[in-house]
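Please open the structure in a viewer and keep the selection panel at hand. The tour below proceeds from one selection to the next.

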Amino acid sequence: MAGVLLGSLLVTLHPSAAFAQDSAVVPDRMAYVPFGPSIMGIDKDPANATATTSKSATLYQQRMSMPWSKQAFHDEGPAHWVVVDGYFIDKYEVSNSDYAEFMKTKGHPGPAYWDDPRLNKPNQPVVGVNWFDAKAYCEFKDKRLPTEAEWERAARGPEGLKYPWGNEFDAAKANFGKNHEATLPINSMPEAVSPYGLHHMAGNVFEWVEDWYDPDFYKKTPHPANTIGPLKPIWIGGTGTYVDRLTVGEKRVIRGGSWIAAESSITTTHRFWNHPSNNSYGVGLGFRCAKTAPSAVNDQVRTATIDAMKSMGQEKWQEAKTQLTTALELDPHNTELQQMQAIVQGKIQ
């Protein structure tokens, strides 16, 4: 019976669906997100569409009055599939302690609110950074900012969750709407991590990503593989003055909501924007970094999956259990791995 089930799994299991954490390969304090398809965005719910028809309404006013569902805005849809290569992404938002090292080593100026006692504890996320600050820090660490597609895949997991922890709202699992007095430590709320083990993908601080913002980009995504957003910035109204550029003009995407933002901002599909030179959401604006996984890592993932299957085929159940336990710690929602684990556990018992 085990052989039949295993044969079925060998046919249906994508070689990169399961993955094992190797401390010698995966960078410290990062998670590995494997190659694969994932859903991005959310579909329109006509019953909740209450778009304004006023010709004088600004784009911002139109956006705020055009939900795609009860908790989603029109720029979050339509839902579409993307395929993303394997990558690493920080488990935590960049902390004040991390950023202090960067400032000291590179002589980079301190961000806004650096001396604010509410926000400057070593293990709180750095805030008051613009897009260029975030990009410079990531490059200093031999990393980069995640793309919007990478950020959303890491937040939603393989099942496309509405919140990092699941599909049901739980106010106790996110720091938003000033339900706490300030930002929380970057490694807090372990009960609310995403399927890949990332902390605070909902609330605490908005996070810069690589992409330019275009409210209609999901409607015209040219290719599903490794989507990186618009190639050119989209001008969002304004007269072109410096002040206008901080509130309209060319924008980069920010994701995840913040400790001062509304409940609607903490879903995994919510999109917002800011001018790359601006930190106008400063007390609630930070970032985390990502890193492209070398092809050797993706090969190792495939090898680890095959090794677990071989152990099962050779009836080396304890070895298979160890391999599957490691994989499921990082990919707990993988149903194929759960089926394999059930087979192994049954044999050991």
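Which residue just after helix 5 takes a positive phi? Select G157: in this predicted model, its phi is about 75°.

Step back next to helix 5 itself, residues 148-156. The helix is mostly covered, with 9 of its 9 residues buried. The buried set includes the charged-type names E148, E150, E152, R153 and R156 alongside W151.

**The disulfide**

Select C138 and C289, which a disulfide joins with an S to S distance of 2.2 Å. The count for the model comes to 1 disulfide. Because the torsion about the S-S bond of C138 and C289 is about -90°, the disulfide is left-handed. C138 belongs to helix 4 (residues 131-140), whereas C289 is in the loop between strand 10 (285-286) and strand 11 (290-292), so the pair ties together parts that lie 151 residues apart in sequence. Both C138 and C289 are buried.

**The nonpolar core**

Now display the largest nonpolar core, which has 40 residues. The residues with the most contacts inside this core are Y99, Y137, W208 and F287. Centre the view on Y99 and show its surroundings: leaving aside residues up to four places away in sequence, Y99 touches V94, H108, P109, P111, W114, V126, V129, D133, Y137 and F287. Keep Y99 selected and add F102, W114, Y137, F140 and F287; ring pairs link these residues into a cluster.

**Aromatic pairs**

Across the whole structure, a search finds 16 aromatic pairs. For one of them, select Y163 and W165: the ring centres are 5.2 Å apart and the planes are at 5°, so the pair is stacked. Add F169 to the selection. The rings of Y163 and F169 have centres 5.9 Å apart and planes at 55°, so this pair is tilted. How is each of the three residues placed with respect to solvent, buried or partly exposed? Y163 is buried, at a relative accessible area of 2%, and W165 is buried as well, at 15%. F169 is partly exposed, with a relative accessible area of 34%.

**A charge over two rings**

Finally, select R252 together with W131 and W212. R252 lies over the face of W131, at 3.8 Å from the ring centre. The charged end of R252 also sits over the ring of W212, 3.7 Å from its centre.

Notes. Residues are numbered from 1 along each chain as its sequence is written. This is a predicted model: local features need pLDDT of at least 70, side-chain atom pairs count only at pLDDT 80 or more; totals for chains, interfaces and linings use all residues. Side-chain values use heavy atoms; hydrogens and water are left out. A disulfide is a pair of cysteine sulfur atoms within 2.5 Å. Helices (H or I, at least four residues) and strands (E, at least two) are DSSP runs, numbered from the N terminus. Buried means under 20% relative accessible area, exposed over 50%, partly exposed in between (1.4 Å probe, protein chains only). A nonpolar core is a set of buried Ala, Val, Leu, Ile, Met, Phe, Trp, Tyr and Cys residues joined through side-chain atoms within 4.5 Å. Contact means heavy atoms within 4.5 Å. Rings of Phe, Tyr and Trp (its six-membered ring) pair if their centres lie within 6.5 Å; planes under 30 degrees apart count as stacked, over 60 as edge-to-face and the rest as tilted. A charge sits over a ring if NZ of Lys or CZ of Arg is within 6 Å of the ring centre and within 35 degrees of the ring normal.
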